[in-house]
Amino acid sequence: MEAAPDRFGSATLVPAAFAAAGRVPGLPEGTGIAVLGWLMRIGFLVTSPAIGSVADLTSLRAGLLVPVVAGLVAAAVAHGQRRAQARV
């Protein structure tokens, strides 16, 4: 079976995020994992209404850009944090 070009291999992102949360400097392992778990729950609860609200105001295509934009913002913030840590 040939891999579809629209597959990004994102199934490993959640376990990798939990592993990284367990290694946050200055936090106990369980605290980092718990914080990430709560942030993921909040994101799950907020994303669907946000997509629906944007879709109602504009179009479904624009509404489905909400998680894409959120992902890009998260990636930019993570990149900025990593660069700031590298300078210290």
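## Quick briefing: an all-helix chain with little burial

Just 9% of the 88 residues in the protein chain are buried. Keep in mind that this is a predicted model. The protein chain has 4 helices and 0 strands, and with a radius of gyration of 16 Å, well over the 12 Å from the globule rule for 88 residues, it is more spread out than a compact globule.

**Overall layout**

- Going along the sequence, the pattern of the protein chain reads α-α-α-α.
- If you want a box for the C-alpha trace, its spans along the principal axes are about 45 × 35 × 25 Å.

**Surface and charge**

- About 7,400 Å² of the protein chain is accessible surface, and carbon and sulfur atoms account for 69% of that.
- On the charge side, the protein chain carries 7 positive and 4 negative side chains.
- The centres of those two sets of charges sit 13 Å apart.

**The nonpolar patch**

- V35, L39, I42, F44, L45 and V46 make up a nonpolar patch on the surface.
- Taken together, these patch residues have about 630 Å² of accessible area.
- One of them, V35, belongs to helix α2, which covers residues 29–57.
- V35 has a relative accessible area of 42%, and it counts as partly exposed because that value falls between the 20% and 50% cut-offs.

**L57, in helix α2**

- L57 is also found in helix α2.
- With a relative accessible area of 74%, L57 is exposed, since the cut-off for that label is over 50%.
- L57 and I33 are 24 residues apart along the chain, and their C-alpha atoms are separated by 36 Å.

**L65, in helix α4**

- L65 is part of helix α4, a helix that runs over 65–87.
- The relative accessible area of L65 is 47%, so this residue is partly exposed.
- For a contact-map check, L65 and I51 are 14 residues apart in sequence, with a C-alpha to C-alpha distance of 8.0 Å.

**V88, after helix α4**

- V88 sits in the segment after α4.
- V88 is exposed, and its relative accessible area comes to 88%.
- Measuring from C-alpha to C-alpha, V88 is 25 Å from I33 in space, while the two are 55 residues apart in sequence.

**To pull it together**

- The picture is a chain of 4 helices and 0 strands, with buried residues making up 9% of the total.
- Of the residues looked at one by one, L57 is exposed and V88 is exposed, whereas V35 is partly exposed and L65 is partly exposed.

Conventions
Residues are numbered from 1 along each chain as its sequence is written. This is a predicted model: local features need pLDDT of at least 70, side-chain atom pairs count only at pLDDT 80 or more; totals for chains, interfaces and linings use all residues. Side-chain values use heavy atoms; hydrogens and water are left out. Patches are made of residues with over 30% relative accessible area and no salt bridge: like charges are joined within 9 Å, nonpolar side chains (Val, Leu, Ile, Met, Phe, Trp, Tyr) within 5 Å. Accessible areas come from the Shrake-Rupley method with a 1.4 Å probe; for residues, only the protein chains shown count as cover. A salt bridge is a side-chain nitrogen of Lys or Arg within 4 Å of a carboxyl oxygen of Asp or Glu. Helices (H or I, at least four residues) and strands (E, at least two) are DSSP runs, numbered from the N terminus. Buried means under 20% relative accessible area, exposed over 50%, partly exposed in between (1.4 Å probe, protein chains only). The radius of gyration is taken over C-alpha atoms; the globule rule is 2.2 Å times the number of residues to the power 0.38. Lys and Arg count as positive and Asp and Glu as negative; His and the chain ends are not counted. The place of a charge is taken as NZ of Lys, CZ of Arg, CG of Asp or CD of Glu.
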